[in-house]
Amino acid sequence: MAEDLQSALLRLRSDPTSSLLYVVFTVDANGNGVVKHTGNGALVAAGEHLRDDESAFVVIRVFAAEEKGSLTTEGDLGRRKMALVRWTPDTLPAQERAAVHGAAPRARELVSPYGVEMACLSRDDIDDKVLAERVRIASGANYDASACGQDQTTEAVSSSKAAFSRPRPRGGGGRRLIRTNQ
């Protein structure tokens, strides 16, 4: 007997030591989740179980490691995040793609809460690096000193056109930013 979606999601969320890392499922006409496959591995491993003639959803557990933009499957190295991936291949007829978009709110309701949602239209879109970037962005502020190549707590000012404050000449009691032509 196939595993129920809610029990698979409970197993995915509740046991961080479990080898279960993703659940591939579809939503039937009655709005029930039907589990197609469960397994361990990254998004690429889950992508091997997605068919080109059928839409599906993947709930995947990832761990956002403290290193910049990396995902890991080891729970003690980072923050646990859940991601929902919607697989709608370009090869599907337009009517079936529209039905998937109609089933997407029900899929969101079934797997809620999750942190990141991602749509994949082709095999090229199933990429762990893209998922890692989405998880990093959804995780909030990045206080890494190497972010954007400079310290985020300082403001870079061009040396050729120094900016400084000068009192406003008439009334108005504030200061304004003036650039010099030096």
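## Exercises on a predicted model

Lys 36 is partly exposed, because its relative accessible area is 46% and the class covers values between buried, under 20%, and exposed, over 50% (1.4 Å probe, protein chains only). The model is predicted, so local features need pLDDT of at least 70 and side-chain atom pairs count only at pLDDT 80 or more, whereas totals for chains, interfaces and linings use all residues. Residues are numbered from 1 along each chain as its sequence is written, and side-chain values use heavy atoms, with hydrogens and water left out.

**Exercise 1.** Determine which residues are linked with Lys 36 in a network of salt bridges.

*Solution.* Begin with the criterion, a side-chain nitrogen of Lys or Arg within 4 Å of a carboxyl oxygen of Asp or Glu, which yields seven salt bridges. Next, take Glu 54, whose side chain meets that of Lys 36 at 3.7 Å, N to O. This pair links distant parts of the chain, since Glu 54 sits in the loop between helix H2 (43-47) and S3 while Lys 36 belongs to strand S2, 18 residues apart; helices (H or I, at least four residues) and strands (E, at least two) are DSSP runs, numbered from the N terminus. Glu 54 also forms a salt bridge with Arg 51, with the closest N and O atoms 4.0 Å apart. Glu 54 is partly exposed at 22% relative accessibility, and Arg 51 is partly exposed at 45%. The network therefore consists of Lys 36, Arg 51, Asp 53 and Glu 54.

**Exercise 2.** Establish which parts of the chain the pair Glu 117 and Arg 86 ties together, and whether each residue is buried or partly exposed.

*Solution.* The two side chains meet in a salt bridge at 3.6 Å, N to O. Glu 117 lies in strand S6 (residues 116-120) and Arg 86 in strand S5, so the pair joins parts that are 31 residues apart in sequence. As for accessibility, Glu 117 counts as partly exposed at 30%, whereas Arg 86, at 14%, counts as buried.

**Exercise 3.** Describe how strand S1 is covered and how S1 pairs with S2.

*Solution.* In S1 (residues 22-27), six of the six residues are buried. Tyr 22, Val 24 and Thr 26 point one way, and Val 23, Phe 25 and Val 27 point the other way. S1 pairs with S2 (residues 33-39) in the antiparallel sense over six bridges, where pairing requires that DSSP find at least two bridges between the strands. Within this pairing, Thr 26 stands opposite Val 34. The hairpin has five residues between its strands, and there Gly 31 takes a positive phi near 85 degrees.

**Exercise 4.** Identify which element gives the most to the largest nonpolar core, and examine its geometry.

*Solution.* A nonpolar core is a set of buried Ala, Val, Leu, Ile, Met, Phe, Trp, Tyr and Cys residues joined through side-chain atoms within 4.5 Å. The largest has 19 residues, and Phe 25 and Phe 57 are among those touching the most other members. H1 (5-14), S1, S3 (56-65), S5 and H3 each supply at least two residues of this core, and H3 gives the most, with six. Turning to geometry, H3 (residues 94-111) has 18 residues and reaches 25 Å from its first C-alpha to its last, close to the 26 Å expected, a span defined as 1.5 Å times one less than the number of residues.
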